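Here is a guided walk through a model, written for someone who likes to check each geometric claim against the atoms. Please keep the viewer open as you read.

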Amino acid sequence: MDRNHLKRQVDLMKRSLFDQGYLDEQFIQLEELQDDDNPNFVEEIVTLFFNDSARLLQNIEQALVSVPIDFARLDNYMHQFKGSSSSIGAKRVKNECTRFKEYCTAGNAEGCFRTFVQVKQEHAILRTKLETYFQAYISFMCVFVLVIFALTYICLLFCLYLFSWQDKLDHLGLQEVKLDDYMDEGGSLIIDLYYKYDKAHMIE
Amino acid sequence: MGAAVDHVTAMGMSGGSAEGNDKSQGQRFSCKSKLTALVVDNGGVCRAIQTALLRSYGVDTEAVETGEAAVELIASGATFSLIIIEMLLPFMNGPETAKQIRAMGSQSKILGITAFFDERDQQEFLAAGADDFIEKPLSPEIVIPIIRELDN
């Protein structure tokens, strides 16, 4: 699978997440914070979010089945969950949290149950989509890094090859050919050196 | 990685321009003076994001999980240009934390932050000594004008 195809795939997946309303501009802010010092920032934050939110969802579920329902505690858990959801740009999850809060504030247990199902559903969907997205992104980055390494290796071999000509010419006692003199001539460099070497060999 | 979009330009509250914000020109806004910030939030995700955002603008930032930890830090002599406090903290809530920080004589800019905006919470926070109160997420549109103000 070539690099361009992978990149297109990654870009399309990301665009789809925004177009379908799973993510909002806050996710772009996370990407803006990713740099050489924090190369995996987005993935780390998203992983942290899903670890934390799994715990919070469990707490909410337990609070919902307790008798009587402690709406203040529910409100606290949902407050934290909504805060982190909005901070990573999880738009649909955030919206369901807002609906849940309304029922919770009203002390409406049935409403809380219903919207909590939606919260969990949106959370699970987002998790799956982001896992797939990061897998594709990692694949693209691996190919990208491999290509860079390959190009670097080829350039290194080329330089070594050029400098080996200098050694051969020196060995034959030829007038010193400075490679720097030919640097601007680009492709003609190799041809000129070969010609000088071959001529000297014939003279010998 | 990086979205193929322009860096979000911040419109300051005074409507000022956001020169130096455009990442596509290779420059990100950064504070001129040595600014420090403290993030007080019991949520790990929010703490991490807010800290990273402030640091990206050159603000030396620390983070703690509780109001008590924040009060203790300031009582030990630490000073901060900006303190961002979450509304619902365990044990000592945001407004109470702000009150205690002000009672210690702190002149820091205090920003109350919450997941669900509520006017009563806003009034409580402002009465406790906060300078402003916003709903999450903390974004460049909010942070940059504050940093510019503190920078000047």
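A charge is said to sit over a ring when NZ of Lys or CZ of Arg is within 6 Å of the ring centre and within 35 degrees of the ring normal. With that in hand, keep in mind that this is a predicted model, and start where two chains meet. The charged end of Lys82(A) sits over the ring of Phe116(B), at 4.7 Å from the centre of that ring. A second case lies within chain A: Arg92(A) is placed over the face of Tyr22(A), 4.1 Å from the ring centre.

Phe116(B) comes up again if you move to His79(A). Which residues does His79(A) contact, once its neighbours within four places in sequence are set aside? They are Glu86(B), Leu88(B), Thr114(B), Ala115(B) and Phe116(B). His79(A) itself lies in helix H4 of chain A, which runs over residues 71-88. Is His79(A) buried or exposed? Its relative accessible area is 6%, and because buried means under 20%, His79(A) counts as buried. The UniProt record, an unreviewed entry, places the feature "modified residue: Phosphohistidine" at His79(A).

The same kind of record helps to set out chain A as a whole. An unreviewed UniProt entry gives the annotation "domain: HPt" to residues 38-137 of chain A. Across residues 38-137 the chain is 87% helix and 0% strand, and the C-alpha atoms at the two ends are 16 Å apart. A further UniProt annotation, also from an unreviewed entry, marks residues 136-163 of chain A as "transmembrane region". In the model, the span 136-163 is 100% helix and 0% strand, with its end C-alpha atoms 41 Å apart.

Now step inside chain A, to helix H3 (residues 41-65), where you will find Ser53(A). Ser53(A) is buried, at 1% relative accessibility. What do the polar atoms of this side chain reach? The side chain of Ser53(A) comes to 3.3 Å from the backbone oxygen of Phe50(A), and a polar contact of 2.7 Å links the side chains of Ser53(A) and His123(A). Leaving out residues up to four places away in sequence, Ser53(A) touches Phe81(A) and His123(A).

Two of the names just met, Phe50(A) and Phe81(A), belong with Phe49(A) to one aromatic cluster. How many aromatic pairs does a search of the whole structure find? There are eight over all chains. One of them joins Phe49(A) and Phe50(A), with 5.0 Å between the ring centres and 70 degrees between the planes, an edge-to-face arrangement. Both partners are buried: Phe49(A) has a relative accessible area of 0%, and Phe50(A) has a relative accessibility of 5%.

Going back towards the start of chain A, look for Leu17(A) in helix H1, residues 3-19. Leu17(A) is buried too, with a relative accessible area of 4%. Not counting residues up to four places away in sequence, Leu17(A) touches Tyr22(A), Leu23(A), Lys129(A), Leu130(A) and Tyr133(A). Tyr22(A) is also the residue whose ring face lies under Arg92(A). For a sense of scale, Leu17(A) and Pro39(A) are 22 residues apart in sequence, and their C-alpha atoms are 21 Å apart in space.

Finally, turn to chain B, which has five helices and five strands. In sequence order, these elements follow the pattern β-α-β-α-β-α-β-α-β-α. Of the 152 residues in chain B, 52% are buried. Among contacts in chain B between residues at least 6 apart in sequence, 62% join residues at least 24 apart. The accessible surface of chain B is about 6900 Å², and carbon and sulfur atoms account for 48% of that area.

The walk ends at Asn152(B), in the segment after helix H5 (140-151) of chain B. Asn152(B) has a relative accessibility of 76%, and because exposed means over 50%, Asn152(B) counts as exposed. Asn152(B) and Thr51(B) are 101 residues apart in sequence, with 22 Å between their C-alpha atoms.

Key
Residues numbered from 1 in each chain as written. Chains lettered and ligands numbered in written order. Predicted model: local features only at pLDDT ≥ 70, side-chain atom pairs only at ≥ 80, totals over all residues. Heavy atoms only, no water. UniProt positions renumbered as here; feature names shortened; annotations may be inferred. Helix = DSSP H or I, 4+ residues; strand = E, 2+ residues; numbered from the N terminus. Buried < 20%, exposed > 50% of the residue type's maximum accessible area, 1.4 Å probe, protein only. Contact = heavy atoms within 4.5 Å. Areas by Shrake-Rupley, 256 points an atom, 1.4 Å probe, with all protein chains shown as cover. Phe/Tyr/Trp six-rings, centres within 6.5 Å; stacked < 30°, edge-to-face > 60°. Polar contact = N/O pair within 3.5 Å; in protein donor to acceptor, adjacent residues only side chain to side chain.
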